[in-house]
Amino acid sequence: MNIIITGHHFDLTDQSKSFITDKAQSRLHNFATRLHNVTIVVTQEKLHMKAECTVTSDFGEFFASSSDEHLETSVEHTLTKVLTEIKKKHDKIVTHK
């Protein structure tokens, strides 16, 4: 699993990058062997932080985004949304075989 993290309109600190990396690895751990690229773009929009996550996997491509005042909360919500999509697709594939 290749994780790419970028900041848009601001510079991400090493602490923020390590938080996002750790959170993505722990949340997507169950599907890590099937995931190819995980791209997380964090954009600062005035008072809000918007996190967008694109995942390329054996199941297809998934996208989720979330906006919040805090970077950590925005990333958490985005990873939760994308994980829900991956689980739905995985369950659909497993039950139809």
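In this predicted model, Arg27 and Glu76 pair up in a salt bridge, with 3.2 Å between their closest N and O atoms. Arg27 sits in helix α1 and Glu76 in helix α2, so this contact ties together stretches that are 49 residues apart in sequence. As for solvent, Arg27 comes out partly exposed, at a relative accessible area of 26%.

Glu76 has another partner as well: its side chain also meets that of Lys23 in a salt bridge, at 2.8 Å from N to O. Here too the link runs between helices, since Lys23 belongs to helix α1 (residues 14–27) and Glu76 to helix α2 (residues 71–95), so the parts being tied together are 53 residues apart in sequence. Glu76 is partly exposed, with 23% relative accessible area, and Lys23 gets the label partly exposed at 22%. Both values clear the 20% mark under which a residue would be called buried.

Then there is the pair of Glu52 and Lys50, a salt bridge whose closest N and O atoms lie 3.4 Å apart. Glu52 is partly exposed at 24% relative accessibility, and Lys50 is likewise partly exposed, its relative accessible area being 24%.

Taken together, the count is three salt bridges. Shared partners join Lys23, Arg27 and Glu76 into one network, with Glu76 bridged to Lys23 and to Arg27. As a general point, side chains carrying opposite charges can pair when their charged atoms come close.

Key
Residues are numbered from 1 along each chain as its sequence is written. This is a predicted model: local features need pLDDT of at least 70, side-chain atom pairs count only at pLDDT 80 or more; totals for chains, interfaces and linings use all residues. Side-chain values use heavy atoms; hydrogens and water are left out. A salt bridge is a side-chain nitrogen of Lys or Arg within 4 Å of a carboxyl oxygen of Asp or Glu. Helices (H or I, at least four residues) and strands (E, at least two) are DSSP runs, numbered from the N terminus. Buried means under 20% relative accessible area, exposed over 50%, partly exposed in between (1.4 Å probe, protein chains only).
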